Amino acid sequence: MSLTALAKNGAVPDHPLEDLIRSDRIPHIWCPGCGIGTAFAACLSAMKASGIDLQTICMVSGIGCSGRAAGYVKLDSFHTTHGRAIPFATGLKLGNPKLNVVVFSGDGDLFAIGGNHFIHAARRNIDLTVICLNNLNYGMTGGQVAATTPFLARTTTTPAGNPEAPFNLPLLAWAAGATYVARWTILHTRELTECIQKAMKKSGFSFVEVLGPCPVNYGRRNKEKSLQTLKLYQEQTIIRNNADPTDLEVDFSKKVVLGEFVDKERSTCIENYDKTCRLM
Amino acid sequence: MKPAVLTGEHYMTGDEACAEGALAAGCLFFGGYPITPATEIAEHMSERLPGVGGTFIQMEDEIAAIASVLGAAWAGQKSMTATSGPGFSLMMENIGLAACTETPCVVVNVQRAGPSTGLPTMGAQGDMMQVRWGSHGDYEIIALAPCSAQEIFYQTITAFNLSERYRTPVFVMTDEIIGHMSEKVIIPPADQIKTEWRPKPQGRKDRFLLYKPGPNGVAPMPAAGEGYNVHVTGLTHDEKGYPVMSVEAQHQMMTRIKRKILGNLDDIIMTESHQLEDAEIVLVSYGISARTCLAATQQARGMGLKVGFLRLITIWPFAEAQIQALAQRVKGFVTVEINLGQIHLEVMRSAMGKVPCHLVGHHGGTIISPDQVLAKIKEAFPCP
């Protein structure tokens, strides 16, 4: 029986992530063709698959379209100020180290206004899982240039094309000391879900970049339809685990490298604090 | 290992007394960033917190410091930060988040002269309006102003108690002068220190409403990980905590945030009266300038002038009713503060034009001397 027929019978099966979604807040705000929902679903699937006690998992978001994720997850969830999800999450984790804290936010929030917090959290290796939905622009405010917008791309604040160079996010994470770094697109949901699960189970600072389309704001101004963006994700990407982090620019005129780039061990901020400071 | 409550007689700075007060109150998290003249509070907490099971972290800036304090508060800890002028300015957005999400926390501002970098090593009382209005929008906060190292110890405890009782950020507004001054501080036995904790929710977890107020206007508050699946947002929200973009939701949320403070003024406002019974001229002051006024009051009385002194211990919410009542029977007010007239404006507003209100203040960097206060009294209220 089709879903429509089931619905008519009043017997709609539960969504497989029903128990993790605040269904009383649906419909969500994300536009048709947006990639955030897919990344969000991958994140929730990873939480379920991880076997981690769901009651200990918290989600912290900043501001922006991806920042709304915290509002839809049926867990302790915090929608904080613009750019400050990571320091808020740092306090949450230090206040109760038993919590499993996931930061889910966008590229503008995490890497422009919040960029300083990202590198310091990675440096001190605080045990957080940071998931960045990178849609190459500020979507919520209507499509302005971001720290991730490709060179020469058009946005509402770069009408003649972006004169600046974007960040290579995995390189930044690697350089700052993250112990786990991966990148996927929303087309690679299986790999993405697996990597988020690994990132969550890994102690230390984990970072997963998810490339997702923003057809309404970024795609429209760069003559890229939703399906074309997904085709780029399929045809113009290459999976290369442990790739050199300097080779990870997002430039779809060349191949964009996906995969798992860092998976190393390093004492966490809390382990080092306990060892160093508690024995005085 | 030293206990959280260092019972005994000590000689310590105001900054150290602040840290000891926080520990005695049960504070277990400090997120800070160095800044003169508040750094000693962070230093002292970094040394003491690990020994009592707490955590100190020096964040990458003051924005991160206050954000971490809010995170730790939702993890269930009593948490705090301490800063001064420039750092206080940086914290403002997240102070708004704390007010909006009704997050208990304590922020200490050891004031120095501003604006901008100003006089980092020299005291002032120039952030008294900023603490009230610094973050955007209408909201209420509580601010206290201690006048000695001993009082910083006690008021830091009171600040934590008020923040837990009312689920609100509470500010301890000290200044460089008392922050760096060493004085005798007596710390009582632990069982004589009253500490409060935020009310915990009861009943079914799935029906819990994060912002449904109890009898005193304050909603119980669970910690993350306790199974309540709370949603905490700086967007305008309903009692469940869910964002609602409407005029009605804004009205309800703001009414609740304001009412829990303004509906409990008698519990929150603390003042101290000195020779007010027969006073004709009333000095109004707080913090370090209160000590100037105590001396000035004594000297004025020695000269036969009927001068009294109202010391504000709670600055915000403002002791409007007390000023109003005095305005009915005195000849005038003189507000003494190390700024160009901030609380002075509140005194004027509360006196409602009934009697003249004068200011003894300056641009900051040093204390006000009793002589300056006496000169103003003589000039403004000449003897017949």
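Which strands of chain A does helix 2 (residues 36-50) of chain A lie across? Before selecting them, note that this is a predicted model, in which local features need pLDDT of at least 70 and side-chain atom pairs count only at pLDDT 80 or more, while totals for chains, interfaces and linings use all residues. Residues are numbered from 1 along each chain as its sequence is written, and chains are lettered from A and ligands numbered from 1 in the order in which they are written.

The predictor gives the complex an ipTM of 0.98 and a pTM of 0.97. For chain B the mean pLDDT (the predictor's confidence in each residue, from 0 to 100) is 97, and 100% of its residues reach 70 or more.

**Chain A: helix 2 and the sheet**

Select helix 2 of chain A together with strand 1 (57-61), strand 3 (100-106), strand 4 (128-134) and strand 6 (206-211) of chain A, which are the strands that the helix lies across. Helices (H or I, at least four residues) and strands (E, at least two) are DSSP runs, numbered from the N terminus. Helix 2 of chain A runs at about 160° to strand 4 of chain A; axes are lines fitted to C-alpha atoms, for helices over the stretch in contact, and angles run from 0 to 180 degrees between N-to-C directions.

Next, show the open sheet of nine strands in the order 7(A)-8(A)-5(A)-6(A)-4(A)-3(A)-1(A)-2(A)-10(B), whose pairing is mixed; two strands pair if DSSP finds at least two bridges between them. Its edge strands, each pairing on one side only, are strand 7 (237-239) of chain A and strand 10 (231-233) of chain B. Neighbouring strands of this sheet are turned by 20° against each other on average, direction ignored.

Start at the edge in chain A, where strand 7 of chain A runs parallel to strand 8 of chain A and is joined to it by three bridges, with Ile239(A) standing opposite Leu258(A). From there, strand 8 (residues 256-263) of chain A pairs with strand 5 (residues 180-185) of chain A in the antiparallel sense over four bridges, and Tyr180(A) has Asp263(A) as its bridge partner.

**Across to chain B**

Now move to the other edge, where strand 2 (residues 76-79) of chain A and strand 10 of chain B run parallel and are joined by three bridges. Here Ser77(A) stands opposite His231(B), and the bridge partner of His79(A) is Thr233(B).

Widen the selection to the whole contact between the chains, which takes 37 residues from chain B and 32 residues from chain A; residues are in contact if their C-beta atoms, placed from the backbone, lie within 7 Å. On the side of chain B that touches chain A, the elements giving two or more residues are strand 2 (29-32), strand 3 (55-58), helix 3 (62-74), helix 4 (85-101) and strand 10 of chain B. Helix 3 of chain B gives the most, with nine residues.

**Chain B: the five-stranded sheet**

Select next the open sheet with the order 11-13-12-15-16 (chain B), formed by five strands with mixed pairing. Strand 11 (271-274) and strand 16 (357-361) of chain B are its edge strands. Strand 11 of chain B and strand 13 (residues 307-312) of chain B pair in the antiparallel sense over four bridges, and Thr271(B) stands opposite Leu312(B). Helix 10 (residues 288-302) of chain B packs on the sheet, touching strand 11, strand 12 (281-285), strand 13 and strand 15 (332-337) of chain B, and its direction makes about 165° with that of strand 13 of chain B.

Helix 12 of chain B lies across strand 12, strand 15 and strand 16 of chain B, running at about 160° to strand 15 of chain B. Add helix 11 (residues 320-327) of chain B, whose axis comes within 8 Å of that of helix 12 (residues 343-351) of chain B and crosses it at roughly 60°. Glu320(B), Ile323(B), Gln324(B) and Ala327(B) in helix 11 of chain B meet Val347(B), Ser350(B) and Ala351(B) in helix 12 of chain B.

**Backbone details in loops**

Finish with Pro27(A), in the loop between helix 1 (3-8) and helix 2 of chain A, where the peptide bond from Ile26(A) to Pro27(A) is cis, with omega near 10°. In chain B, the peptide bond from Thr36(B) to Pro37(B) is also cis, with omega near 0°, and Pro37(B) lies in the loop between strand 2 and helix 2 (39-48) of chain B.

How values were computed
Two residues are in contact if their C-beta atoms, placed from the backbone, lie within 7 Å.
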